[in-house]
Amino acid sequence: MKCVKACPTSALSMADNRVYIDSARCINCGRCVQACHNRGLLAQGSTLEDLKNYEYTVCLVPGALISHCSNIEEAQDLFHAIRLLGFDEVVDMTDVTARQLQEAQLMADSTNDVTYISSFCPVINRLIANRYKVLQEFILPVNYDSEIAARLIRKKHAGRNVGIFNLCECEAKLELAKFPYGNMEYEVDHALALVDVFPAIRKNMKQGKDPVSFNVRGLQVCNPARIVQKDTYLIADGFDKVCAVLDMAEFGLLNQFRLLFLYPCFNGCIGGHMLWGNSFLMTNNIDALSDGKRRDVSYIPFDDIYTEDFLRTDEDTRSFMERTIFFRNVNEQLEKLPGYDCSACGMQTCRIMAEEIVKGNKKIEDCRVLHALREKKNDNQRTD
Amino acid sequence: MAVVLHKEYKVLRDDYGSAGKVSSDIKQTLNSIGFDPKVMRRIAVASYESEINMLIHAFGGDITMDIMDDGTVTLVFKDPGPGIPDLEKALTPGWSTASEKARAMGFGAGMGLPNIQRVSDAFDIQSSEAGTTLTISFRAAQ
């Protein structure tokens with residue numbers, strides 16, 4: 001039941017000892033997986049078996065994982081160990097991330113009246129599409145770094161059967177690939193969950209070193225304390241704080257800012273659920289991994305950077321009247337419910353229960369609290 | 001035109017801890033019904049500004065929201081005083097009675113009422129020492 005309670009968008013419910021996830025509501029934040037004390041919920045990625053299906057394989061490594069290395073030698077060791085898993089090429093994404101950041105800054109710095117919202121986190125994009133529709137048009141049209149990187153790799157090896165694997169530090173990024181979840185619109189072929197492959201990576205450690213050279217500005221993007229700071233940028237991390245910022249933005253209270261960098265995970269992507277280290281220590285590693293040289297970011301064609309996919313939402317086919325009357329009926333049912341939000345019926349809150357009653361999936365008799373109150377009343381009558 | 005949804009709220013005097021709660025609920029209601037984001041934005045800005053005015057300048061008050069069958073949203077903010085002494089001035093951009101301290105904190109830029117008037121499709125305000133009633137409406141593109 002902890003998972004049902006943990007969901008910020010009320011996507012989870014329970015019936016007959018099973019957990020159900022409403023995919024229209026779910027924003028892939030992973031809080032249910034974190035809350036589960038029985039390890040009953042897992043976000044699974046593809047397996048290394050899938051490497052066999054390709055002639056040439058590439059692994060994308062995110063900055064958040066690189067930040068786990070406390071110095072360059074450790075990073076060289078890590079890249080070698082990942083390559084030993086069977087990849088032909090291991091690509092560090094920090095250069096692409098730096099370009100993504102540069103593009104976001106260029107757009108934000110060239111306006112005087114728009115408050116843009118960073119687009120690098122899929123959870124934020126889905127949260128806005130779900131709950132903050134007013135702000136949707138302000139999400140920057142800059143694509144995910146894994147997508148930009150994958151497009152470049154695809155072009156470089158045009159004509160070959162290349163398999164692109166993204167090593168993910170959080171649940172949400174597992175969705176940004178063709179497999180395992182069947183999201184064919186993405187350029188990345190497979191998403192690997194870091195927790196699944198880490199034991200294999202560990203075994204391969206201390207067997208050699210691969211050359212690495214990170215773009216520090218890209219590496220810094222994975223942490224709110226290290227990312228580029230400016231008085232016209234607002235940087236927030238932690239789910240509740242991010243929601244508070246989005247609320248303020250909807251009320252028009254953040255008009256003095258040009259760009260909102262929002263991280264639903266505390267301490268940013270370094271705090272990704274599949275990473276194990278203390279995120280404060282990792283933050284300091286970012287400085288240690290810098291070679292001190294400022295690099296120009298690589299040239300990437302605009303078409304590979306921009307996307308309009310973030311603006312896509314599912315159309316509600318119901319008419320305005322149907323939607324309003326549904327809402328009114330839900331409110332009427334809600335009045336009858338006790339309002340404890342106890343979840344004993346399997347629904348997260350009384351409001352969700354009221355919605356299910358109006359939809360015809362539940363009955364008011366299914367409320368455990370009302371049931372208990374009725375029983376008590378009957379008992380009292382009997383004793384009288 | 002018939003009312004399809006009617007909601008009532010209360011703003012308690014000096015209850016700063018709850019500042020913005022009503023506008024949040026209004027915003028969430030419209031979001032779950034699925035209003036046009038552009039209209040929702042205007043309503044969010046106006047309702048927040050009006051709710052805060054009620055808290056800062058008046059002794060709390062009552063807020064009602066009515067959604068009509070054609071998608072029009074009407075909000076009424078009714079407070080029990082002390083009233084706006086010079087309504088004409090209060091509707092002038094930049095004019096404010098807020099103290100230096102409140103201004104330093106970012107409040108009282110004098111854009112409150114003019115702003116509400118600017119974003120709403122219909123605007124009416126009545127004020128006396130017995131209280132102020134602000135009625136604003138928004139036509140929704142459905």
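**A helix of chain A across a sheet of chain B**

Helix α13(A) lies across β1 and β2 of chain B, running at about 45 degrees to β1(B). This comes from a predicted model, so every angle and contact below should be read as computed from that prediction.

The sheet under that helix is worth a look. It is an open sheet of five strands in chain B, ordered β1-β2-β3-β5-β4, and the pairing is antiparallel. Its edges are β1 (3-11) and β4 (122-128) of chain B, each of which pairs on one side only. Going from one strand to the next, the twist averages 10 degrees. The two strands crossed by α13(A) are also partners of each other: β1(B) and β2(B), the latter spanning residues 61-68, pair in the antiparallel sense over eight bridges. To pin down the register, Tyr9(B) has Ile63(B) in β2(B) as its bridge partner.

As for the contact between the chains, chain A puts in 16 residues and chain B puts in 19 residues. On the chain A side, α10 and α13 (320-336) each supply at least two residues. The biggest giver there is α13(A), with seven residues. By chemistry, the chain A side splits into six nonpolar, three polar and seven charged residues.

Helix α10 of chain A turns up again in a sheet of its own chain. Three strands, in the order β5-β9-β8 of chain A, make an open sheet with parallel pairing. Here the edge strands are β5 (116-117) and β8 (233-237) of chain A, each paired on one side only. Helix α10 (residues 239-250) of chain A packs on this sheet and touches β8 and β9 of chain A, with its direction at about 145 degrees to that of β8(A). Between those two strands, five bridges join β8(A) to β9(A) (residues 259-263), and the pair runs parallel. Within that pairing, Ile235(A) stands opposite Phe261(A) of β9(A).

On the domain level, the assignment for chain A gives domain 1 (1-42), domain 2 (48-311) and domain 3 (318-384). The C-alpha centres of domain 2 and domain 3 of chain A sit 43 Å apart.

Back in chain B, there is a helix pair to describe. The axes of α2(B) (residues 37-57) and α5(B) (residues 112-119) come within 9 Å and cross at roughly 150 degrees. That angle is why α2(B) counts as roughly antiparallel to α5(B). The crossing of α2(B) past α5(B) is left-handed. From α2(B), the contact uses Arg42(B), Val45(B), Ala46(B), Glu49(B), Ser50(B) and Asn53(B), while α5(B) brings Gly112(B), Asn115(B), Ile116(B) and Val119(B). Sorted by type, the residues of this contact come out as four nonpolar, four polar and two charged.

A few backbone details round things off. In chain A, the peptide bond from Phe179(A) to Pro180(A) is cis, with omega near 10 degrees, and Pro180(A) belongs to the loop between β6 (162-168) and β7 (190-193) of chain A. Chain B has a cis peptide bond too, joining Gly81(B) and Pro82(B), with omega about 10 degrees. Pro82(B) is in the loop between β3 (73-79) and α3 (87-90) of chain B. Finally, Arg39(A) has a phi near 55 degrees, which is a positive value in a residue other than glycine; Arg39(A) is placed in the loop between α2 (31-35) and β3 (56-61) of chain A.

Key: Residues numbered from 1 in each chain as written. Chains lettered and ligands numbered in written order. Predicted model: local features only at pLDDT ≥ 70, side-chain atom pairs only at ≥ 80, totals over all residues. Pairing = 2+ DSSP bridges. Helix = DSSP H or I, 4+ residues; strand = E, 2+ residues; numbered from the N terminus. Contact = placed C-beta atoms within 7 Å. Axes fitted to C-alpha atoms, helices over the stretch in contact; angles between N-to-C directions. Parallel < 35°, antiparallel > 145°, perpendicular 65-115°, else oblique. Left-handed = near helix turned anticlockwise from the far one by under 90°. Nonpolar A, V, L, I, M, F, W, Y, C, P; charged D, E, K, R; others polar. Domains from an automatic or database assignment.
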